[in-house]
Amino acid sequence: MSTSARGTAASSSLPRVVAASLIGTTIEWYDYFLYGTAAALVFGKLFFPHSDPLTGTLLSFLTYAIGFAARPLGALVFGHFGDRVGRKKLLVVSLLLMGGSTTAIGLLPTYDSIGVAAPVLLTALRLVQGFALGGEWGGAVLLVSEHGDQRRRGFWASWPQGGAPAGNLLAAGVLSLMTAVQSDAAFLAWGWRVPFLLSAVLVAVGMWIRLAVDESPLFKQALAAQQSRKAPERPPLVEVLRNHWREVLVAMGARMAENISYYVMTTFVLVYAVNHAHFSKQTALNAVLVASAIQFALIPLFGALSDRVGRRPVYLVGAVGVGAWAFVFFGLVDTRSFGSLLAAVTVGLVFHSAMYAPQAAFFSELFATRMRYSGASIGAQFSSVAAGAPAPLIATALLKDYGSATPIAVYVAIAAAVTVLAVLCGRETRGLDLAEVEGQAGQDSPEPDAAAAGRPAVV
(Lines give C-alpha, C1' and ligand atoms only; values in the text may rest on other atoms or scores of the structure.)
Protein backbone atom coordinates (compact mmCIF):
# COMPACT_ATOMS: atom_id res chain seq x y z
CA MET A 1 0.00 0.00 0.00
CA SER A 2 1.36 3.42 -0.91
CA THR A 3 2.03 6.15 1.60
CA SER A 4 -0.82 8.31 0.32
CA ALA A 5 -3.23 5.43 0.37
CA ARG A 6 -2.34 4.57 3.91
CA GLY A 7 -2.76 8.18 4.97
CA THR A 8 -6.19 8.41 3.31
CA ALA A 9 -7.35 5.17 4.83
CA ALA A 10 -6.27 6.18 8.26
CA SER A 11 -7.33 9.81 8.24
CA SER A 12 -11.03 9.18 8.80
CA SER A 13 -10.38 7.41 12.12
CA LEU A 14 -7.40 9.50 13.24
CA PRO A 15 -9.29 12.01 15.44
CA ARG A 16 -11.03 9.14 17.25
CA VAL A 17 -7.71 7.34 17.76
CA VAL A 18 -6.10 10.55 19.06
CA ALA A 19 -9.00 11.13 21.47
CA ALA A 20 -8.87 7.55 22.74
CA SER A 21 -5.10 7.69 23.26
CA LEU A 22 -5.26 11.08 24.97
CA ILE A 23 -8.07 10.09 27.33
CA GLY A 24 -6.43 6.77 28.13
CA THR A 25 -3.02 8.29 28.83
CA THR A 26 -4.62 11.06 30.88
CA ILE A 27 -6.27 8.48 33.13
CA GLU A 28 -3.09 6.44 33.50
CA TRP A 29 -0.97 9.50 34.24
CA TYR A 30 -3.62 10.76 36.66
CA ASP A 31 -3.22 7.53 38.61
CA TYR A 32 0.56 7.68 38.47
CA PHE A 33 0.94 11.35 39.36
CA LEU A 34 -1.67 11.10 42.07
CA TYR A 35 0.68 8.77 43.89
CA GLY A 36 3.60 11.18 43.45
CA THR A 37 1.61 14.14 44.73
CA ALA A 38 0.29 12.16 47.69
CA ALA A 39 3.84 10.94 48.40
CA ALA A 40 4.97 14.54 48.64
CA LEU A 41 2.09 15.68 50.84
CA VAL A 42 0.60 12.88 52.96
CA PHE A 43 2.13 9.41 52.61
CA GLY A 44 5.08 10.21 54.87
CA LYS A 45 2.70 10.97 57.75
CA LEU A 46 0.34 8.06 57.07
CA PHE A 47 2.73 5.23 56.26
CA PHE A 48 5.97 6.36 57.99
CA PRO A 49 4.62 8.25 61.02
CA HIS A 50 7.57 7.63 63.35
CA SER A 51 10.14 9.45 61.19
CA ASP A 52 10.88 13.17 61.19
CA PRO A 53 9.00 15.03 58.39
CA LEU A 54 11.85 15.17 55.85
CA THR A 55 12.90 11.55 56.49
CA GLY A 56 9.28 10.47 56.21
CA THR A 57 9.11 12.25 52.87
CA LEU A 58 12.31 10.51 51.77
CA LEU A 59 10.84 7.11 52.64
CA SER A 60 7.61 8.04 50.88
CA PHE A 61 9.55 9.05 47.77
CA LEU A 62 11.43 5.75 47.99
CA THR A 63 8.17 3.84 47.50
CA TYR A 64 7.43 6.31 44.68
CA ALA A 65 10.79 5.52 43.05
CA ILE A 66 10.26 1.76 43.35
CA GLY A 67 7.37 2.06 40.91
CA PHE A 68 9.84 3.11 38.25
CA ALA A 69 11.76 -0.14 38.74
CA ALA A 70 8.78 -2.04 37.36
CA ARG A 71 8.48 0.16 34.27
CA PRO A 72 11.29 -1.58 32.30
CA LEU A 73 9.65 -4.94 33.02
CA GLY A 74 6.36 -3.52 31.76
CA ALA A 75 8.15 -2.22 28.67
CA LEU A 76 9.60 -5.67 27.95
CA VAL A 77 6.38 -7.61 28.51
CA PHE A 78 3.97 -5.18 26.84
CA GLY A 79 6.46 -4.43 24.07
CA HIS A 80 6.89 -8.12 23.25
CA PHE A 81 3.16 -8.88 23.08
CA GLY A 82 2.32 -5.50 21.55
CA ASP A 83 4.64 -6.28 18.64
CA ARG A 84 3.23 -9.80 18.36
CA VAL A 85 -0.54 -9.43 18.85
CA GLY A 86 -1.22 -5.72 18.47
CA ARG A 87 -1.22 -2.37 20.24
CA LYS A 88 -4.89 -2.15 21.18
CA LYS A 89 -5.16 -5.33 23.29
CA LEU A 90 -2.18 -4.40 25.42
CA LEU A 91 -3.48 -0.86 26.00
CA VAL A 92 -6.68 -2.30 27.44
CA VAL A 93 -4.70 -4.51 29.83
CA SER A 94 -2.49 -1.62 30.97
CA LEU A 95 -5.50 0.56 31.74
CA LEU A 96 -7.14 -2.17 33.85
CA LEU A 97 -3.94 -2.82 35.81
CA MET A 98 -3.32 0.85 36.51
CA GLY A 99 -6.90 1.60 37.53
CA GLY A 100 -7.19 -1.46 39.74
CA SER A 101 -4.00 -0.76 41.66
CA THR A 102 -4.85 2.93 42.14
CA THR A 103 -8.31 2.13 43.46
CA ALA A 104 -6.77 -0.41 45.85
CA ILE A 105 -4.43 2.27 47.24
CA GLY A 106 -7.52 4.31 48.12
CA LEU A 107 -8.75 1.38 50.23
CA LEU A 108 -5.41 0.64 51.88
CA PRO A 109 -5.16 0.71 55.71
CA THR A 110 -2.45 3.01 57.08
CA TYR A 111 0.44 2.28 59.46
CA ASP A 112 -1.69 3.04 62.50
CA SER A 113 -4.10 0.26 61.51
CA ILE A 114 -1.88 -2.60 60.36
CA GLY A 115 1.67 -1.51 61.12
CA VAL A 116 4.54 -2.31 58.77
CA ALA A 117 2.24 -4.22 56.41
CA ALA A 118 0.81 -0.88 55.26
CA PRO A 119 3.97 0.46 53.55
CA VAL A 120 4.67 -3.04 52.20
CA LEU A 121 1.26 -3.19 50.51
CA LEU A 122 1.64 0.39 49.31
CA THR A 123 4.94 -0.52 47.67
CA ALA A 124 3.44 -3.61 46.02
CA LEU A 125 0.61 -1.59 44.50
CA ARG A 126 3.10 1.01 43.33
CA LEU A 127 4.99 -1.75 41.51
CA VAL A 128 1.79 -2.72 39.67
CA GLN A 129 1.33 0.94 38.67
CA GLY A 130 4.85 1.08 37.31
CA PHE A 131 4.44 -2.17 35.39
CA ALA A 132 1.24 -0.88 33.76
CA LEU A 133 2.70 2.50 32.84
CA GLY A 134 5.79 0.84 31.39
CA GLY A 135 3.56 -0.71 28.76
CA GLU A 136 1.09 2.14 28.32
CA TRP A 137 3.25 4.88 26.84
CA GLY A 138 4.65 2.98 23.88
CA GLY A 139 1.31 1.58 22.80
CA ALA A 140 -0.54 4.89 23.08
CA VAL A 141 1.90 6.94 21.02
CA LEU A 142 2.37 4.20 18.43
CA LEU A 143 -1.35 3.77 17.88
CA VAL A 144 -1.53 7.44 16.88
CA SER A 145 1.79 7.53 15.01
CA GLU A 146 0.87 4.50 12.92
CA HIS A 147 -2.58 5.82 12.05
CA GLY A 148 -1.41 9.24 10.87
CA ASP A 149 0.65 10.46 7.93
CA GLN A 150 4.28 11.56 7.97
CA ARG A 151 3.66 15.25 7.29
CA ARG A 152 1.90 15.97 10.59
CA ARG A 153 3.03 13.05 12.70
CA GLY A 154 4.76 15.31 15.22
CA PHE A 155 1.51 17.19 15.83
CA TRP A 156 -0.81 14.20 16.07
CA ALA A 157 1.58 12.00 18.07
CA SER A 158 2.08 14.81 20.58
CA TRP A 159 -1.54 14.59 21.74
CA PRO A 160 -1.06 11.40 23.80
CA GLN A 161 1.88 13.23 25.38
CA GLY A 162 -0.66 15.76 26.57
CA GLY A 163 -1.99 13.02 28.83
CA ALA A 164 0.92 13.66 31.23
CA PRO A 165 0.12 17.31 32.03
CA ALA A 166 -3.60 16.58 31.80
CA GLY A 167 -3.24 13.73 34.28
CA ASN A 168 -1.09 15.87 36.54
CA LEU A 169 -3.62 18.68 36.20
CA LEU A 170 -6.43 16.35 37.17
CA ALA A 171 -4.51 14.82 40.08
CA ALA A 172 -3.34 18.17 41.46
CA GLY A 173 -6.79 19.65 40.88
CA VAL A 174 -8.65 16.95 42.80
CA LEU A 175 -6.16 17.08 45.68
CA SER A 176 -6.25 20.88 45.70
CA LEU A 177 -10.05 20.79 45.90
CA MET A 178 -9.95 18.30 48.77
CA THR A 179 -7.42 20.38 50.73
CA ALA A 180 -9.48 23.52 50.09
CA VAL A 181 -12.74 22.14 51.46
CA GLN A 182 -11.28 20.05 54.31
CA SER A 183 -9.23 20.64 57.39
CA ASP A 184 -5.76 19.07 57.50
CA ALA A 185 -7.06 16.50 60.01
CA ALA A 186 -9.97 15.45 57.79
CA PHE A 187 -7.77 15.30 54.72
CA LEU A 188 -5.29 13.02 56.49
CA ALA A 189 -8.09 10.91 57.97
CA TRP A 190 -10.02 10.14 54.78
CA GLY A 191 -9.98 12.96 52.21
CA TRP A 192 -6.79 11.76 50.50
CA ARG A 193 -8.57 8.50 49.59
CA VAL A 194 -11.24 10.13 47.40
CA PRO A 195 -8.97 10.92 44.40
CA PHE A 196 -7.67 7.32 44.39
CA LEU A 197 -11.18 5.83 44.50
CA LEU A 198 -12.23 8.17 41.68
CA SER A 199 -9.89 6.18 39.43
CA ALA A 200 -12.44 3.37 39.20
CA VAL A 201 -14.91 5.70 37.46
CA LEU A 202 -12.26 7.13 35.15
CA VAL A 203 -11.08 3.66 34.10
CA ALA A 204 -14.62 2.65 33.15
CA VAL A 205 -14.83 5.69 30.85
CA GLY A 206 -11.40 4.99 29.41
CA MET A 207 -12.23 1.37 28.68
CA TRP A 208 -15.41 2.31 26.85
CA ILE A 209 -13.49 4.69 24.59
CA ARG A 210 -10.41 2.52 24.07
CA LEU A 211 -12.36 -0.60 23.08
CA ALA A 212 -13.98 1.31 20.19
CA VAL A 213 -10.63 2.08 18.49
CA ASP A 214 -9.27 0.08 15.55
CA GLU A 215 -5.90 -1.64 15.60
CA SER A 216 -2.98 0.16 13.92
CA PRO A 217 -3.19 -0.30 10.12
CA LEU A 218 0.61 -0.39 9.84
CA PHE A 219 0.80 -3.17 12.42
CA LYS A 220 -1.88 -5.21 10.64
CA GLN A 221 -0.04 -4.77 7.35
CA ALA A 222 3.32 -5.78 8.87
CA LEU A 223 1.74 -8.79 10.63
CA ALA A 224 0.13 -9.99 7.41
CA ALA A 225 3.45 -9.65 5.57
CA GLN A 226 5.24 -11.65 8.24
CA GLN A 227 2.61 -14.40 8.21
CA SER A 228 2.78 -14.66 4.43
CA ARG A 229 6.53 -15.28 4.60
CA LYS A 230 5.94 -18.21 6.98
CA ALA A 231 9.44 -17.76 8.35
CA PRO A 232 10.37 -18.07 12.03
CA GLU A 233 10.36 -14.71 13.74
CA ARG A 234 12.86 -13.68 16.39
CA PRO A 235 11.55 -12.12 19.61
CA PRO A 236 11.15 -8.34 19.20
CA LEU A 237 13.68 -7.68 21.98
CA VAL A 238 16.35 -9.64 20.09
CA GLU A 239 15.61 -7.70 16.90
CA VAL A 240 15.75 -4.37 18.74
CA LEU A 241 19.11 -5.11 20.33
CA ARG A 242 20.47 -6.46 17.06
CA ASN A 243 19.28 -3.75 14.67
CA HIS A 244 18.39 -0.70 16.76
CA TRP A 245 20.74 -0.62 19.75
CA ARG A 246 22.07 2.81 18.75
CA GLU A 247 18.54 4.20 18.63
CA VAL A 248 17.77 2.68 22.04
CA LEU A 249 20.77 4.52 23.51
CA VAL A 250 19.71 7.78 21.84
CA ALA A 251 16.20 7.43 23.27
CA MET A 252 17.53 6.65 26.74
CA GLY A 253 19.82 9.66 26.72
CA ALA A 254 17.12 11.92 25.35
CA ARG A 255 14.89 11.00 28.27
CA MET A 256 17.35 12.03 31.00
CA ALA A 257 16.72 15.79 31.12
CA GLU A 258 13.06 15.42 30.17
CA ASN A 259 12.34 12.94 32.96
CA ILE A 260 14.48 14.43 35.72
CA SER A 261 13.40 18.03 35.18
CA TYR A 262 9.73 17.09 35.12
CA TYR A 263 9.71 15.27 38.44
CA VAL A 264 11.86 17.92 40.10
CA MET A 265 9.63 20.75 38.88
CA THR A 266 6.25 19.12 39.51
CA THR A 267 6.72 16.62 42.36
CA PHE A 268 9.76 17.67 44.38
CA VAL A 269 8.71 21.32 44.10
CA LEU A 270 5.75 20.51 46.35
CA VAL A 271 8.14 19.40 49.10
CA TYR A 272 10.46 22.34 48.55
CA ALA A 273 7.69 24.93 48.39
CA VAL A 274 5.87 23.64 51.49
CA ASN A 275 8.77 22.67 53.77
CA HIS A 276 11.51 25.07 52.66
CA ALA A 277 9.74 28.14 51.26
CA HIS A 278 6.75 27.76 53.63
CA PHE A 279 3.93 27.89 51.09
CA SER A 280 0.66 26.19 52.01
CA LYS A 281 -0.10 22.83 50.39
CA GLN A 282 -2.96 24.32 48.42
CA THR A 283 -0.85 27.22 47.11
CA ALA A 284 1.88 24.86 45.91
CA LEU A 285 -0.69 22.57 44.27
CA ASN A 286 -2.35 25.54 42.58
CA ALA A 287 0.95 26.59 40.99
CA VAL A 288 1.44 23.10 39.54
CA LEU A 289 -2.22 23.10 38.48
CA VAL A 290 -1.98 26.31 36.45
CA ALA A 291 1.41 25.41 34.94
CA SER A 292 0.12 21.98 33.88
CA ALA A 293 -2.85 23.58 32.12
CA ILE A 294 -0.48 25.83 30.18
CA GLN A 295 1.74 22.88 29.29
CA PHE A 296 -1.23 20.92 27.99
CA ALA A 297 -1.94 23.72 25.52
CA LEU A 298 1.73 24.01 24.47
CA ILE A 299 2.47 20.37 23.71
CA PRO A 300 0.62 20.15 20.36
CA LEU A 301 2.20 23.48 19.32
CA PHE A 302 5.69 22.14 19.90
CA GLY A 303 4.69 18.92 18.16
CA ALA A 304 3.58 20.90 15.11
CA LEU A 305 6.80 22.92 15.24
CA SER A 306 8.81 19.69 15.07
CA ASP A 307 6.98 18.88 11.82
CA ARG A 308 8.32 22.12 10.36
CA VAL A 309 11.89 22.39 11.65
CA GLY A 310 12.66 18.82 12.77
CA ARG A 311 12.54 16.78 15.96
CA ARG A 312 16.11 17.47 17.04
CA PRO A 313 16.13 21.31 16.99
CA VAL A 314 12.97 21.52 19.12
CA TYR A 315 14.25 18.87 21.52
CA LEU A 316 17.62 20.62 21.91
CA VAL A 317 16.00 23.96 22.74
CA GLY A 318 14.08 22.25 25.54
CA ALA A 319 17.14 20.46 26.93
CA VAL A 320 19.39 23.53 26.95
CA GLY A 321 16.58 25.68 28.33
CA VAL A 322 15.71 23.39 31.23
CA GLY A 323 19.38 23.04 32.20
CA ALA A 324 19.79 26.80 32.43
CA TRP A 325 16.39 27.42 34.03
CA ALA A 326 17.14 25.08 36.94
CA PHE A 327 19.43 27.75 38.42
CA VAL A 328 16.67 30.35 38.22
CA PHE A 329 13.89 28.01 39.31
CA PHE A 330 14.67 27.67 43.02
CA GLY A 331 15.58 31.32 43.43
CA LEU A 332 12.09 32.26 42.27
CA VAL A 333 10.49 29.76 44.64
CA ASP A 334 12.56 31.18 47.51
CA THR A 335 10.98 34.63 47.06
CA ARG A 336 7.85 33.13 48.67
CA SER A 337 5.66 34.91 46.16
CA PHE A 338 2.92 32.92 44.44
CA GLY A 339 3.60 34.76 41.18
CA SER A 340 7.26 33.80 41.29
CA LEU A 341 6.42 30.19 42.17
CA LEU A 342 3.99 30.05 39.27
CA ALA A 343 6.53 31.56 36.88
CA ALA A 344 9.20 29.09 38.02
CA VAL A 345 7.04 26.03 37.37
CA THR A 346 5.45 27.37 34.18
CA VAL A 347 8.68 28.30 32.41
CA GLY A 348 10.22 25.01 33.48
CA LEU A 349 7.31 23.13 31.91
CA VAL A 350 7.56 25.22 28.74
CA PHE A 351 11.10 23.96 28.24
CA HIS A 352 10.01 20.46 29.22
CA SER A 353 7.25 20.60 26.58
CA ALA A 354 9.82 21.32 23.88
CA MET A 355 11.38 17.94 24.68
CA TYR A 356 8.24 16.00 25.50
CA ALA A 357 6.10 17.02 22.52
CA PRO A 358 8.33 15.73 19.68
CA GLN A 359 9.43 12.72 21.71
CA ALA A 360 6.52 10.51 20.65
CA ALA A 361 7.11 10.95 16.92
CA PHE A 362 10.89 10.97 17.34
CA PHE A 363 11.01 7.63 19.17
CA SER A 364 8.38 6.04 16.89
CA GLU A 365 10.42 6.96 13.82
CA LEU A 366 13.54 5.27 15.16
CA PHE A 367 12.21 1.68 14.98
CA ALA A 368 10.71 -0.72 12.45
CA THR A 369 7.03 -1.66 12.80
CA ARG A 370 7.39 -5.23 14.12
CA MET A 371 9.79 -4.09 16.84
CA ARG A 372 8.54 -0.52 17.34
CA TYR A 373 6.52 -1.14 20.52
CA SER A 374 9.51 -2.91 22.11
CA GLY A 375 12.10 -0.41 20.90
CA ALA A 376 10.23 2.75 21.86
CA SER A 377 9.16 1.31 25.23
CA ILE A 378 12.61 0.01 26.13
CA GLY A 379 14.29 3.29 25.19
CA ALA A 380 11.76 5.32 27.14
CA GLN A 381 11.27 3.16 30.23
CA PHE A 382 14.73 1.80 30.95
CA SER A 383 16.02 5.36 31.22
CA SER A 384 13.27 6.21 33.69
CA VAL A 385 14.94 3.99 36.29
CA ALA A 386 18.01 6.24 36.28
CA ALA A 387 16.14 9.48 35.58
CA GLY A 388 12.61 9.98 36.90
CA ALA A 389 12.68 7.27 39.55
CA PRO A 390 15.33 8.74 41.84
CA ALA A 391 14.84 12.41 40.88
CA PRO A 392 12.59 13.48 43.80
CA LEU A 393 14.57 11.21 46.13
CA ILE A 394 17.93 12.67 45.06
CA ALA A 395 16.60 16.21 45.19
CA THR A 396 15.22 15.69 48.71
CA ALA A 397 18.49 14.11 49.88
CA LEU A 398 20.55 16.97 48.39
CA LEU A 399 18.34 19.51 50.13
CA LYS A 400 18.66 17.65 53.42
CA ASP A 401 22.46 17.32 53.18
CA TYR A 402 23.34 20.79 51.85
CA GLY A 403 20.40 22.93 52.94
CA SER A 404 20.56 24.58 49.52
CA ALA A 405 18.92 24.09 46.14
CA THR A 406 22.10 24.81 44.15
CA PRO A 407 23.21 21.13 44.09
CA ILE A 408 19.76 20.23 42.77
CA ALA A 409 20.12 22.76 39.95
CA VAL A 410 23.53 21.27 39.09
CA TYR A 411 21.93 17.81 39.04
CA VAL A 412 19.32 18.97 36.49
CA ALA A 413 21.98 20.72 34.40
CA ILE A 414 24.09 17.54 34.20
CA ALA A 415 21.03 15.63 32.99
CA ALA A 416 20.46 18.34 30.36
CA ALA A 417 24.04 17.93 29.11
CA VAL A 418 23.51 14.16 28.71
CA THR A 419 20.33 14.76 26.72
CA VAL A 420 21.96 17.32 24.44
CA LEU A 421 24.76 14.84 23.65
CA ALA A 422 22.30 12.00 22.99
CA VAL A 423 20.11 14.05 20.65
CA LEU A 424 23.15 15.33 18.74
CA CYS A 425 24.27 11.72 18.27
CA GLY A 426 20.86 10.76 16.88
CA ARG A 427 19.65 11.31 13.35
CA GLU A 428 16.85 13.61 12.26
CA THR A 429 13.71 11.54 11.62
CA ARG A 430 11.18 14.14 10.47
CA GLY A 431 9.46 13.07 7.27
CA LEU A 432 10.12 9.34 7.52
CA ASP A 433 7.49 6.94 6.24
CA LEU A 434 7.07 4.50 9.14
CA ALA A 435 6.37 1.65 6.72
CA GLU A 436 9.80 2.19 5.20
CA VAL A 437 11.75 2.09 8.47
CA GLU A 438 13.75 -1.12 8.65
CA GLY A 439 16.32 -2.55 11.04
CA GLN A 440 19.20 -0.52 9.63
CA ALA A 441 20.63 1.58 12.41
CA GLY A 442 23.05 4.39 11.92
CA GLN A 443 22.30 5.27 8.30
CA ASP A 444 22.00 8.75 6.92
CA SER A 445 19.16 11.10 7.76
CA PRO A 446 16.40 11.64 5.21
CA GLU A 447 16.89 14.43 2.74
CA PRO A 448 15.44 17.70 4.09
CA ASP A 449 13.37 18.27 0.96
CA ALA A 450 11.82 14.80 1.24
CA ALA A 451 10.03 15.80 4.43
CA ALA A 452 8.91 19.09 3.00
CA ALA A 453 7.53 17.48 -0.12
CA GLY A 454 5.83 14.66 1.78
CA ARG A 455 7.78 12.00 -0.13
CA PRO A 456 8.94 8.84 1.59
CA ALA A 457 12.51 9.21 2.78
CA VAL A 458 14.95 6.37 2.28
CA VAL A 459 16.23 4.84 5.49
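1. Helices here are DSSP runs of at least four residues, numbered from the N terminus. With that in mind, Arg336 is a good place to start in this predicted model: Arg336 sits in the loop that links α17 to α18 (338-364). Its phi is positive, about 60°, although Arg336 is not a glycine. Most residues other than glycine have a negative phi, which is a good reason to look at this loop by eye. Arg336 counts as exposed because its relative accessibility is 53%, and the cut-off for exposed is over 50%.

2. His278 deserves a look alongside Arg336. His278 also is not a glycine, yet has a positive phi of about 65°. You will find His278 in the loop between α15 and α16 (281-309). At 55% relative accessibility, His278 is likewise classed as exposed.

3. Now to another histidine. Is His244 buried or exposed? His244 is buried, because its relative accessible area is 0%, and buried means under 20%. The loop that holds His244 runs between α14 (236-243) and α15 (245-276). A polar atom of the His244 side chain lies 3.1 Å from the backbone oxygen of Leu366, so you may like to display that pair, as the cut-off for a polar contact is 3.5 Å.

4. On to the interior. The largest nonpolar core has 131 residues, and the members that touch the most others are Phe43, Val333 and Phe363. Helix α2 (residues 14-47) is the top contributor to this core, giving 19 residues. In soluble globular proteins, nonpolar side chains tend to be buried together.

5. Which residues does Phe43 touch, leaving aside those up to four places away in sequence? The partners of Phe43 are Tyr35, Ala38, Phe48, Ser60, Ile105, Leu122, Trp192 and Phe196. Showing these side chains together would make a handy figure panel.

6. Finally, the surface. Phe327, Val328, Val410, Ile414 and Val418 make a nonpolar surface patch of about 410 Å². Two elements, α17 (311-334) and α21 (406-425), each give two or more residues to this patch. Helix α21 supplies the largest share, with 3 residues.

7. Within that patch, Ile414 is worth a closer look. Ile414 belongs to helix α21 and is one of the patch residues. Ile414 is exposed because its relative accessible area is 54%, whereas His244, as noted above, is buried at 0%.

Note on methods: Residues are numbered from 1 along each chain as its sequence is written. This is a predicted model: local features need pLDDT of at least 70, side-chain atom pairs count only at pLDDT 80 or more; totals for chains, interfaces and linings use all residues. Side-chain values use heavy atoms; hydrogens and water are left out. A nonpolar core is a set of buried Ala, Val, Leu, Ile, Met, Phe, Trp, Tyr and Cys residues joined through side-chain atoms within 4.5 Å. Buried means under 20% relative accessible area, exposed over 50%, partly exposed in between (1.4 Å probe, protein chains only). Contact means heavy atoms within 4.5 Å. A polar contact is a pair of N or O atoms within 3.5 Å; within protein, one must be able to donate a hydrogen and the other to accept it, and residues adjacent in sequence count only if both atoms are side-chain atoms. Patches are made of residues with over 30% relative accessible area and no salt bridge: like charges are joined within 9 Å, nonpolar side chains (Val, Leu, Ile, Met, Phe, Trp, Tyr) within 5 Å. Accessible areas come from the Shrake-Rupley method with a 1.4 Å probe; for residues, only the protein chains shown count as cover. A salt bridge is a side-chain nitrogen of Lys or Arg within 4 Å of a carboxyl oxygen of Asp or Glu.
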